[in-house]
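Student: I have a model open on my screen and would like to talk it through with you. Could we take it step by step?

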Amino acid sequence: MEIFYSILPELIRIVVCAVCGAVIVFGNALVMGYAERKLAGHIMLRPGPMEVGPHGIYQLVVDGLKLMGKQLVVPAKADPLLFRFAPLLAFAPVFVPLLVIPFSSKLQGFDLDIGLLVILALASINLLAVLIGGWSSNNKYSLFGAFRAVSQNVAYEIPMLLSLLSIIFMTNTFSLKAVVAAQSPVWFIVIQPLAFLIYLVSIVAETNRAPFDLPEAESELTAGFHTEYSGMSFSLFVLGEYANMFIVSSVATVFFLGGSSGIPLPYFEYSGIIWFMLKVYTLMFFLVWIRWTYPRTRFDQLMNFCWKYLIPFALVNLLITVVMVKLL
Amino acid sequence: MKSYFSELFTGAWSLILGLKVTIKALFSPIVTYQYPREKLVVTPNYRGHIDLVKDAETGAHKCITCGSCMRECPSDCIFLDGEKREGVKGKALTIFTLNFTKCSLCGACVEVCPTDALDYSNEYELAGFTREEFHYDLLKRVEERE
(Lines give C-alpha, C1' and ligand atoms only; values in the text may rest on other atoms or scores of the structure.)
Protein backbone atom coordinates (compact mmCIF):
# COMPACT_ATOMS: atom_id res chain seq x y z
CA MET A 1 0.00 0.00 0.00
CA GLU A 2 2.84 2.36 0.78
CA ILE A 3 4.33 1.66 -2.59
CA PHE A 4 1.00 2.59 -4.10
CA TYR A 5 0.94 5.93 -2.31
CA SER A 6 4.51 6.64 -3.31
CA ILE A 7 3.85 6.03 -6.99
CA LEU A 8 0.39 7.62 -7.06
CA PRO A 9 1.64 11.15 -7.93
CA GLU A 10 3.68 9.67 -10.75
CA LEU A 11 0.63 7.76 -12.02
CA ILE A 12 -1.46 10.93 -12.00
CA ARG A 13 1.32 12.72 -13.79
CA ILE A 14 1.42 10.04 -16.48
CA VAL A 15 -2.36 10.22 -17.00
CA VAL A 16 -2.38 14.02 -17.17
CA CYS A 17 0.54 14.01 -19.60
CA ALA A 18 -1.10 11.41 -21.81
CA VAL A 19 -4.35 13.40 -21.92
CA CYS A 20 -2.49 16.62 -22.73
CA GLY A 21 -0.57 14.76 -25.44
CA ALA A 22 -3.83 13.53 -26.99
CA VAL A 23 -5.27 17.05 -26.86
CA ILE A 24 -2.19 18.40 -28.62
CA VAL A 25 -2.22 15.68 -31.29
CA PHE A 26 -5.90 16.10 -32.18
CA GLY A 27 -6.00 19.86 -31.70
CA ASN A 28 -2.90 20.27 -33.84
CA ALA A 29 -4.39 18.11 -36.59
CA LEU A 30 -7.57 20.22 -36.58
CA VAL A 31 -5.69 23.52 -36.64
CA MET A 32 -3.13 22.43 -39.21
CA GLY A 33 -5.68 20.70 -41.44
CA TYR A 34 -7.70 23.89 -41.60
CA ALA A 35 -4.68 26.21 -41.85
CA GLU A 36 -3.09 24.11 -44.58
CA ARG A 37 -6.19 24.19 -46.76
CA LYS A 38 -6.83 27.85 -46.10
CA LEU A 39 -3.22 28.84 -46.86
CA ALA A 40 -3.16 26.62 -49.93
CA GLY A 41 -6.29 28.35 -51.12
CA HIS A 42 -5.01 31.88 -50.59
CA ILE A 43 -1.67 31.10 -52.22
CA MET A 44 -3.67 29.97 -55.26
CA LEU A 45 -5.80 33.16 -55.09
CA ARG A 46 -8.94 31.28 -54.01
CA PRO A 47 -10.61 31.35 -50.60
CA GLY A 48 -10.21 27.71 -49.51
CA PRO A 49 -12.96 26.11 -47.35
CA MET A 50 -15.83 28.61 -47.11
CA GLU A 51 -19.11 26.71 -46.80
CA VAL A 52 -19.27 25.03 -43.38
CA GLY A 53 -19.45 27.71 -40.70
CA PRO A 54 -17.98 31.21 -40.98
CA HIS A 55 -14.98 30.98 -43.34
CA GLY A 56 -15.33 27.21 -43.26
CA ILE A 57 -13.98 26.75 -39.74
CA TYR A 58 -16.11 23.63 -39.12
CA GLN A 59 -14.89 21.98 -42.33
CA LEU A 60 -12.44 19.71 -40.50
CA VAL A 61 -15.11 18.59 -38.00
CA VAL A 62 -17.39 17.62 -40.86
CA ASP A 63 -14.55 15.88 -42.65
CA GLY A 64 -13.72 13.96 -39.49
CA LEU A 65 -17.34 12.80 -39.15
CA LYS A 66 -17.36 11.74 -42.78
CA LEU A 67 -14.14 9.75 -42.37
CA MET A 68 -15.51 8.05 -39.26
CA GLY A 69 -18.61 7.01 -41.16
CA LYS A 70 -16.73 5.43 -44.03
CA GLN A 71 -16.22 1.74 -44.51
CA LEU A 72 -12.74 0.36 -43.93
CA VAL A 73 -12.05 -1.59 -47.10
CA VAL A 74 -9.37 -4.27 -46.96
CA PRO A 75 -8.29 -5.12 -50.50
CA ALA A 76 -8.44 -8.72 -51.66
CA LYS A 77 -5.13 -10.58 -51.20
CA ALA A 78 -3.89 -7.87 -48.84
CA ASP A 79 -2.43 -9.00 -45.55
CA PRO A 80 -5.43 -8.19 -43.32
CA LEU A 81 -3.57 -8.13 -40.02
CA LEU A 82 -0.67 -5.93 -41.11
CA PHE A 83 -2.99 -3.78 -43.20
CA ARG A 84 -5.04 -2.94 -40.11
CA PHE A 85 -1.96 -2.66 -37.92
CA ALA A 86 -0.02 -0.12 -40.01
CA PRO A 87 -2.23 2.97 -39.33
CA LEU A 88 -2.12 2.24 -35.60
CA LEU A 89 1.64 2.00 -35.79
CA ALA A 90 1.78 5.32 -37.62
CA PHE A 91 -0.42 7.00 -35.05
CA ALA A 92 0.33 5.50 -31.64
CA PRO A 93 4.04 6.45 -31.24
CA VAL A 94 3.45 10.16 -31.82
CA PHE A 95 2.15 10.64 -28.27
CA VAL A 96 5.35 9.67 -26.52
CA PRO A 97 7.72 12.35 -27.91
CA LEU A 98 5.27 14.98 -26.65
CA LEU A 99 6.01 13.83 -23.09
CA VAL A 100 9.65 14.95 -23.22
CA ILE A 101 9.20 18.25 -25.08
CA PRO A 102 9.64 21.22 -22.72
CA PHE A 103 6.73 23.49 -23.64
CA SER A 104 7.86 25.94 -20.96
CA SER A 105 10.35 25.65 -18.14
CA LYS A 106 7.78 23.83 -15.97
CA LEU A 107 5.38 22.39 -18.55
CA GLN A 108 7.20 19.21 -19.42
CA GLY A 109 6.04 15.63 -18.96
CA PHE A 110 9.34 14.05 -18.09
CA ASP A 111 12.79 15.54 -18.34
CA LEU A 112 14.73 12.51 -19.57
CA ASP A 113 18.51 12.54 -19.95
CA ILE A 114 17.99 10.89 -23.34
CA GLY A 115 15.10 13.10 -24.41
CA LEU A 116 16.33 13.63 -27.96
CA LEU A 117 17.03 9.93 -28.46
CA VAL A 118 13.46 9.08 -27.39
CA ILE A 119 12.06 11.52 -29.92
CA LEU A 120 14.26 10.33 -32.77
CA ALA A 121 13.70 6.65 -32.00
CA LEU A 122 9.93 7.00 -31.87
CA ALA A 123 9.77 9.30 -34.87
CA SER A 124 11.39 6.62 -37.00
CA ILE A 125 8.65 4.10 -36.10
CA ASN A 126 6.41 6.10 -38.41
CA LEU A 127 8.61 4.95 -41.28
CA LEU A 128 8.06 1.32 -40.33
CA ALA A 129 4.31 1.97 -40.42
CA VAL A 130 4.61 3.41 -43.91
CA LEU A 131 6.60 0.38 -45.05
CA ILE A 132 4.13 -2.09 -43.51
CA GLY A 133 1.13 -0.21 -44.90
CA GLY A 134 2.62 -0.02 -48.38
CA TRP A 135 3.73 -3.62 -48.43
CA SER A 136 0.56 -5.16 -47.00
CA SER A 137 -1.76 -3.31 -49.39
CA ASN A 138 -0.91 -5.68 -52.26
CA ASN A 139 -0.77 -2.75 -54.64
CA LYS A 140 2.07 -1.61 -56.87
CA TYR A 141 1.56 2.06 -56.11
CA SER A 142 1.58 1.45 -52.37
CA LEU A 143 4.70 -0.65 -52.61
CA PHE A 144 6.54 1.96 -54.66
CA GLY A 145 5.46 4.64 -52.19
CA ALA A 146 6.79 2.55 -49.32
CA PHE A 147 10.12 1.95 -51.13
CA ARG A 148 10.57 5.61 -51.69
CA ALA A 149 9.59 6.50 -48.14
CA VAL A 150 12.20 4.13 -46.72
CA SER A 151 15.09 5.20 -48.93
CA GLN A 152 14.26 8.88 -48.56
CA ASN A 153 13.84 8.77 -44.79
CA VAL A 154 16.96 6.73 -44.21
CA ALA A 155 18.97 9.12 -46.37
CA TYR A 156 17.62 12.28 -44.76
CA GLU A 157 17.93 11.01 -41.22
CA ILE A 158 21.71 11.31 -41.52
CA PRO A 159 21.97 15.10 -42.14
CA MET A 160 19.21 15.64 -39.58
CA LEU A 161 21.13 13.73 -36.91
CA LEU A 162 24.43 15.37 -37.87
CA SER A 163 22.96 18.84 -37.60
CA LEU A 164 21.45 18.04 -34.19
CA LEU A 165 24.72 16.44 -33.15
CA SER A 166 26.60 19.69 -33.62
CA ILE A 167 24.26 21.22 -31.03
CA ILE A 168 24.74 18.23 -28.76
CA PHE A 169 28.51 18.72 -28.87
CA MET A 170 28.02 22.29 -27.72
CA THR A 171 25.64 21.48 -24.88
CA ASN A 172 26.98 18.06 -23.87
CA THR A 173 23.51 16.74 -23.10
CA PHE A 174 20.54 15.00 -24.72
CA SER A 175 18.10 16.49 -22.25
CA LEU A 176 15.87 18.98 -24.05
CA LYS A 177 15.47 21.14 -20.95
CA ALA A 178 19.23 21.53 -20.65
CA VAL A 179 19.49 22.42 -24.34
CA VAL A 180 16.92 25.18 -23.87
CA ALA A 181 18.75 26.39 -20.78
CA ALA A 182 22.05 26.46 -22.70
CA GLN A 183 20.78 29.09 -25.12
CA SER A 184 19.87 31.76 -22.60
CA PRO A 185 22.09 34.53 -24.05
CA VAL A 186 21.83 33.68 -27.77
CA TRP A 187 19.74 31.15 -29.63
CA PHE A 188 21.66 28.43 -31.42
CA ILE A 189 20.26 29.57 -34.77
CA VAL A 190 22.71 32.48 -34.54
CA ILE A 191 25.69 30.25 -33.75
CA GLN A 192 24.69 27.35 -36.03
CA PRO A 193 22.73 28.81 -38.96
CA LEU A 194 23.95 26.11 -41.35
CA ALA A 195 22.86 23.32 -39.01
CA PHE A 196 19.44 24.95 -38.75
CA LEU A 197 19.13 25.15 -42.53
CA ILE A 198 20.16 21.51 -42.96
CA TYR A 199 17.74 20.45 -40.24
CA LEU A 200 14.94 22.43 -41.89
CA VAL A 201 15.50 20.74 -45.26
CA SER A 202 15.74 17.33 -43.63
CA ILE A 203 12.48 17.62 -41.71
CA VAL A 204 10.60 18.38 -44.93
CA ALA A 205 11.86 15.07 -46.28
CA GLU A 206 11.34 13.29 -42.96
CA THR A 207 7.68 14.30 -42.77
CA ASN A 208 7.17 13.31 -46.44
CA ARG A 209 5.90 16.73 -47.43
CA ALA A 210 6.20 18.57 -50.72
CA PRO A 211 8.62 19.22 -52.40
CA PHE A 212 9.85 15.86 -51.07
CA ASP A 213 6.47 14.10 -51.01
CA LEU A 214 7.59 11.30 -53.30
CA PRO A 215 6.12 8.52 -51.12
CA GLU A 216 2.64 9.86 -51.84
CA ALA A 217 3.22 11.62 -55.18
CA GLU A 218 -0.33 11.93 -56.49
CA SER A 219 0.56 12.37 -60.13
CA GLU A 220 2.71 9.24 -60.28
CA LEU A 221 1.51 6.89 -57.53
CA THR A 222 -2.18 7.91 -57.04
CA ALA A 223 -1.65 8.29 -53.30
CA GLY A 224 1.52 6.29 -52.64
CA PHE A 225 1.56 4.14 -49.54
CA HIS A 226 -1.97 5.06 -48.46
CA THR A 227 -3.63 4.38 -51.82
CA GLU A 228 -5.73 1.52 -50.41
CA TYR A 229 -6.60 3.13 -47.11
CA SER A 230 -10.02 4.63 -46.52
CA GLY A 231 -11.95 6.20 -43.68
CA MET A 232 -10.35 6.35 -40.26
CA SER A 233 -7.35 4.22 -41.17
CA PHE A 234 -6.43 6.83 -43.76
CA SER A 235 -7.00 9.68 -41.34
CA LEU A 236 -4.78 8.01 -38.74
CA PHE A 237 -1.93 8.34 -41.25
CA VAL A 238 -2.79 12.01 -41.74
CA LEU A 239 -3.04 12.60 -37.99
CA GLY A 240 0.34 10.93 -37.60
CA GLU A 241 1.82 13.13 -40.31
CA TYR A 242 0.58 16.34 -38.71
CA ALA A 243 1.71 15.19 -35.26
CA ASN A 244 5.14 14.39 -36.70
CA MET A 245 5.27 17.86 -38.20
CA PHE A 246 4.52 19.25 -34.77
CA ILE A 247 7.22 17.13 -33.15
CA VAL A 248 9.98 17.97 -35.63
CA SER A 249 9.05 21.66 -35.44
CA SER A 250 9.18 21.45 -31.64
CA VAL A 251 12.62 19.88 -31.81
CA ALA A 252 13.74 22.68 -34.14
CA THR A 253 12.31 25.20 -31.66
CA VAL A 254 14.06 23.57 -28.72
CA PHE A 255 17.41 23.17 -30.46
CA PHE A 256 17.65 26.33 -32.54
CA LEU A 257 15.02 28.88 -31.53
CA GLY A 258 15.52 28.91 -27.80
CA GLY A 259 12.48 26.81 -26.79
CA SER A 260 10.13 28.81 -24.61
CA SER A 261 12.47 31.76 -24.11
CA GLY A 262 11.24 35.15 -25.17
CA ILE A 263 9.93 38.39 -23.73
CA PRO A 264 8.90 37.52 -20.15
CA LEU A 265 5.18 37.32 -19.45
CA PRO A 266 3.45 36.95 -16.06
CA TYR A 267 3.87 33.41 -14.65
CA PHE A 268 6.61 32.83 -17.20
CA GLU A 269 7.35 29.29 -15.97
CA TYR A 270 4.01 28.35 -17.50
CA SER A 271 3.19 31.11 -19.97
CA GLY A 272 6.41 30.42 -21.87
CA ILE A 273 4.29 27.93 -23.78
CA ILE A 274 2.85 30.90 -25.70
CA TRP A 275 6.29 31.72 -27.13
CA PHE A 276 6.99 28.06 -27.71
CA MET A 277 3.76 27.54 -29.66
CA LEU A 278 4.32 30.74 -31.60
CA LYS A 279 7.71 29.51 -32.75
CA VAL A 280 6.44 26.02 -33.55
CA TYR A 281 3.53 27.32 -35.62
CA THR A 282 5.77 29.80 -37.42
CA LEU A 283 7.92 26.87 -38.49
CA MET A 284 4.81 24.90 -39.49
CA PHE A 285 3.61 27.88 -41.51
CA PHE A 286 6.96 27.81 -43.26
CA LEU A 287 6.52 24.11 -44.03
CA VAL A 288 3.07 24.77 -45.49
CA TRP A 289 4.39 27.75 -47.40
CA ILE A 290 7.15 25.77 -49.12
CA ARG A 291 4.74 22.92 -49.81
CA TRP A 292 2.60 25.22 -51.94
CA THR A 293 5.58 26.94 -53.56
CA TYR A 294 7.86 24.25 -54.95
CA PRO A 295 7.19 21.52 -57.47
CA ARG A 296 8.00 17.94 -56.49
CA THR A 297 11.63 16.92 -56.98
CA ARG A 298 12.61 13.92 -59.05
CA PHE A 299 13.89 10.99 -57.04
CA ASP A 300 17.50 11.21 -58.22
CA GLN A 301 17.52 14.94 -57.52
CA LEU A 302 16.26 14.23 -54.02
CA MET A 303 18.99 11.68 -53.35
CA ASN A 304 21.72 13.75 -55.01
CA PHE A 305 20.81 16.72 -52.88
CA CYS A 306 21.05 14.67 -49.73
CA TRP A 307 24.28 12.78 -50.46
CA LYS A 308 26.15 15.48 -52.37
CA TYR A 309 25.12 18.59 -50.50
CA LEU A 310 23.44 18.04 -47.14
CA ILE A 311 25.64 15.30 -45.72
CA PRO A 312 29.03 16.85 -46.67
CA PHE A 313 27.92 20.22 -45.39
CA ALA A 314 26.59 18.72 -42.18
CA LEU A 315 29.84 16.80 -41.67
CA VAL A 316 31.97 19.89 -42.25
CA ASN A 317 29.76 21.86 -39.92
CA LEU A 318 30.07 19.16 -37.28
CA LEU A 319 33.83 19.07 -37.68
CA ILE A 320 34.14 22.84 -37.30
CA THR A 321 31.87 22.74 -34.27
CA VAL A 322 33.95 20.04 -32.62
CA VAL A 323 37.18 21.92 -33.25
CA MET A 324 35.70 25.16 -31.94
CA VAL A 325 34.33 23.46 -28.82
CA LYS A 326 37.73 21.95 -28.15
CA LEU A 327 39.55 25.25 -28.70
CA LEU A 328 37.24 27.56 -26.79
CA MET B 1 34.09 22.15 -57.99
CA LYS B 2 33.18 25.62 -59.15
CA SER B 3 29.86 24.47 -60.60
CA TYR B 4 29.14 22.61 -57.35
CA PHE B 5 28.96 25.85 -55.41
CA SER B 6 27.50 28.01 -58.17
CA GLU B 7 24.65 25.49 -58.59
CA LEU B 8 24.03 25.62 -54.88
CA PHE B 9 23.81 29.39 -54.83
CA THR B 10 21.73 29.82 -57.99
CA GLY B 11 19.44 27.08 -56.73
CA ALA B 12 19.04 28.65 -53.32
CA TRP B 13 18.42 32.05 -54.88
CA SER B 14 15.70 30.68 -57.16
CA LEU B 15 14.06 29.00 -54.14
CA ILE B 16 13.97 32.35 -52.33
CA LEU B 17 12.47 34.00 -55.40
CA GLY B 18 9.80 31.28 -55.48
CA LEU B 19 8.92 31.91 -51.85
CA LYS B 20 8.59 35.61 -52.65
CA VAL B 21 6.09 34.87 -55.41
CA THR B 22 3.85 32.73 -53.21
CA ILE B 23 3.94 35.04 -50.19
CA LYS B 24 2.82 37.85 -52.47
CA ALA B 25 -0.01 35.66 -53.75
CA LEU B 26 -0.96 34.77 -50.17
CA PHE B 27 -1.68 38.40 -49.35
CA SER B 28 -3.27 39.44 -52.64
CA PRO B 29 -7.05 39.41 -53.04
CA ILE B 30 -8.74 36.24 -54.21
CA VAL B 31 -9.87 36.09 -57.83
CA THR B 32 -12.49 33.32 -57.73
CA TYR B 33 -16.25 33.82 -57.43
CA GLN B 34 -18.27 31.91 -54.86
CA TYR B 35 -20.62 30.81 -57.61
CA PRO B 36 -24.08 30.27 -56.16
CA ARG B 37 -23.61 33.26 -53.84
CA GLU B 38 -21.95 35.66 -56.27
CA LYS B 39 -22.51 35.58 -60.01
CA LEU B 40 -20.46 36.91 -62.87
CA VAL B 41 -22.10 39.27 -65.35
CA VAL B 42 -22.58 37.27 -68.55
CA THR B 43 -21.16 38.88 -71.65
CA PRO B 44 -23.85 39.93 -74.20
CA ASN B 45 -21.99 37.87 -76.79
CA TYR B 46 -22.89 34.68 -74.92
CA ARG B 47 -24.76 32.23 -77.17
CA GLY B 48 -27.39 30.46 -75.12
CA HIS B 49 -30.51 28.93 -76.59
CA ILE B 50 -32.47 31.09 -79.07
CA ASP B 51 -35.14 33.51 -77.98
CA LEU B 52 -37.64 35.69 -79.81
CA VAL B 53 -36.64 39.35 -79.85
CA LYS B 54 -38.99 41.86 -78.33
CA ASP B 55 -39.49 44.88 -80.57
CA ALA B 56 -38.78 48.01 -78.55
CA GLU B 57 -41.37 50.10 -80.45
CA THR B 58 -44.37 47.79 -80.68
CA GLY B 59 -43.63 45.67 -77.63
CA ALA B 60 -44.34 42.50 -79.60
CA HIS B 61 -42.17 39.91 -81.29
CA LYS B 62 -41.04 40.46 -84.88
CA CYS B 63 -41.82 36.99 -86.26
CA ILE B 64 -43.73 36.93 -89.56
CA THR B 65 -44.30 33.16 -89.42
CA CYS B 66 -42.35 32.52 -92.60
CA GLY B 67 -41.04 29.22 -91.20
CA SER B 68 -37.49 29.65 -92.56
CA CYS B 69 -35.90 28.78 -89.22
CA MET B 70 -38.01 25.63 -88.92
CA ARG B 71 -36.91 24.48 -92.39
CA GLU B 72 -33.29 25.55 -91.90
CA CYS B 73 -32.84 23.80 -88.55
CA PRO B 74 -30.55 20.76 -89.03
CA SER B 75 -31.71 19.21 -85.78
CA ASP B 76 -35.39 19.69 -86.29
CA CYS B 77 -35.88 21.29 -82.94
CA ILE B 78 -37.95 24.34 -83.87
CA PHE B 79 -41.69 24.14 -84.43
CA LEU B 80 -43.85 27.15 -85.26
CA ASP B 81 -47.27 27.75 -86.70
CA GLY B 82 -49.56 30.73 -87.37
CA GLU B 83 -53.10 31.57 -88.39
CA LYS B 84 -54.82 34.21 -90.51
CA ARG B 85 -56.37 36.90 -88.35
CA GLU B 86 -58.66 39.84 -89.17
CA GLY B 87 -56.79 43.11 -89.66
CA VAL B 88 -53.34 41.51 -89.43
CA LYS B 89 -51.18 41.46 -92.51
CA GLY B 90 -49.86 37.97 -93.21
CA LYS B 91 -50.07 35.17 -90.66
CA ALA B 92 -50.06 35.71 -86.89
CA LEU B 93 -47.78 33.49 -84.80
CA THR B 94 -49.72 31.08 -82.57
CA ILE B 95 -47.01 28.69 -81.43
CA PHE B 96 -43.20 28.76 -81.42
CA THR B 97 -41.49 25.95 -79.49
CA LEU B 98 -37.85 25.02 -79.19
CA ASN B 99 -36.78 21.52 -78.18
CA PHE B 100 -33.44 22.51 -76.66
CA THR B 101 -32.45 18.90 -75.91
CA LYS B 102 -31.91 18.38 -79.64
CA CYS B 103 -30.48 21.81 -80.49
CA SER B 104 -26.86 21.78 -81.66
CA LEU B 105 -26.46 25.56 -81.16
CA CYS B 106 -25.40 26.09 -84.79
CA GLY B 107 -27.25 29.42 -85.00
CA ALA B 108 -28.54 28.81 -88.53
CA CYS B 109 -32.05 29.93 -87.46
CA VAL B 110 -30.72 33.28 -86.24
CA GLU B 111 -28.77 33.77 -89.48
CA VAL B 112 -31.66 32.91 -91.75
CA CYS B 113 -34.38 34.97 -90.05
CA PRO B 114 -35.45 37.72 -92.51
CA THR B 115 -36.77 40.07 -89.81
CA ASP B 116 -34.08 39.45 -87.15
CA ALA B 117 -36.77 38.12 -84.87
CA LEU B 118 -34.47 35.54 -83.27
CA ASP B 119 -31.48 36.11 -81.03
CA TYR B 120 -29.41 34.18 -78.48
CA SER B 121 -30.47 34.36 -74.86
CA ASN B 122 -28.10 34.72 -71.88
CA GLU B 123 -29.40 31.66 -70.03
CA TYR B 124 -26.54 29.53 -68.74
CA GLU B 125 -27.86 27.88 -65.57
CA LEU B 126 -29.43 24.96 -67.37
CA ALA B 127 -30.07 22.01 -65.12
CA GLY B 128 -33.25 20.02 -64.73
CA PHE B 129 -34.75 16.72 -63.75
CA THR B 130 -36.80 16.00 -66.89
CA ARG B 131 -36.27 16.47 -70.59
CA GLU B 132 -39.56 18.35 -70.85
CA GLU B 133 -38.07 21.20 -68.84
CA PHE B 134 -36.01 22.05 -71.90
CA HIS B 135 -38.95 22.20 -74.33
CA TYR B 136 -39.27 25.96 -74.36
CA ASP B 137 -42.36 27.85 -75.44
CA LEU B 138 -40.60 30.88 -76.91
CA LEU B 139 -43.83 32.74 -77.65
CA LYS B 140 -44.82 32.55 -74.01
CA ARG B 141 -41.30 33.60 -72.96
CA VAL B 142 -41.34 36.70 -75.16
CA GLU B 143 -44.76 37.72 -73.87
CA GLU B 144 -43.71 37.27 -70.26
CA ARG B 145 -40.41 39.11 -70.71
CA GLU B 146 -40.23 42.70 -69.50
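Student: How many residues of chain A are in contact with chain B?

Tutor: This is a predicted model, in which local features need pLDDT of at least 70 and side-chain atom pairs count only at pLDDT 80 or more, while totals for chains, interfaces and linings use all residues. Residues are numbered from 1 along each chain as its sequence is written, and chains are lettered from A and ligands numbered from 1 in the order in which they are written. Two residues are in contact if their C-beta atoms, placed from the backbone, lie within 7 Å. Chain B contributes twelve residues, and the number from chain A is 13.

Student: Which helix gives the most to the side of chain A that touches chain B?

Tutor: Helices here are DSSP runs (H or I, at least four residues), as are strands (E, at least two), numbered from the N terminus. Two helices of chain A, α1 (2-43) and α13 (268-291), each supply at least two residues to that side. With three residues, the one that gives the most is α1(A).

Student: How many of the twelve residues of α6(A) are buried?

Tutor: A residue is buried with 20 or more other C-beta atoms within 10 Å of its own, exposed with 12 or fewer, and partly exposed in between, the C-beta atoms being placed from the backbone. Among the buried ones are A:Leu127, A:Val130 and A:Ile132, and the buried residues of this helix pack against α3 (80-91), α5 (115-123), α7 and α12 (231-256) of chain A. The helix is largely enclosed by the rest of the structure, because the buried count is nine.

Student: Which helix supplies the largest share of the largest nonpolar core?

Tutor: A nonpolar core is a set of buried Ala, Val, Leu, Ile, Met, Phe, Trp, Tyr and Cys residues joined through C-beta atoms within 7 Å. This one has 79 residues, and A:Val130, A:Tyr199, A:Ala243, A:Ile247, A:Ala252 and A:Phe255 touch the most other members. The largest share is 14 residues, and it comes from α12(A).

Student: What is the radius of gyration of chain B?

Tutor: Start with the make-up: chain B has four helices and five strands. The globule rule (2.2 Å times the number of residues to the power 0.38, with the radius taken over C-alpha atoms) gives 15 Å for 146 residues, so chain B is more spread out than a compact globule, with a radius of gyration of 27 Å.

Student: How far apart do the C-alpha centres of domain 1 and domain 2 of chain B lie?

Tutor: The domain bounds come from an automatic or database domain assignment, which divides chain B into domain 1 (1-31) and domain 2 (50-144). The C-alpha trace of the chain spans about 95 × 35 × 30 Å along its principal axes. The two centres are separated by 58 Å.

Student: Is A:Asn172 buried or exposed?

Tutor: Most residues other than glycine have a negative phi. A:Asn172, which is not a glycine, has a positive phi of about 65 degrees, and its place is in the loop between α7 (140-171) and α8 (176-182) of chain A. Because A:Asn172 has 10 C-beta neighbours inside 10 Å, it counts as exposed.

Student: Where in chain B is B:Asp116?

Tutor: B:Asp116 is a residue other than glycine with a positive phi, near 55 degrees. With 10 C-beta neighbours inside 10 Å, B:Asp116 counts as exposed. Its place is in the loop between α3 (108-112) and β4 (118-120) of chain B.
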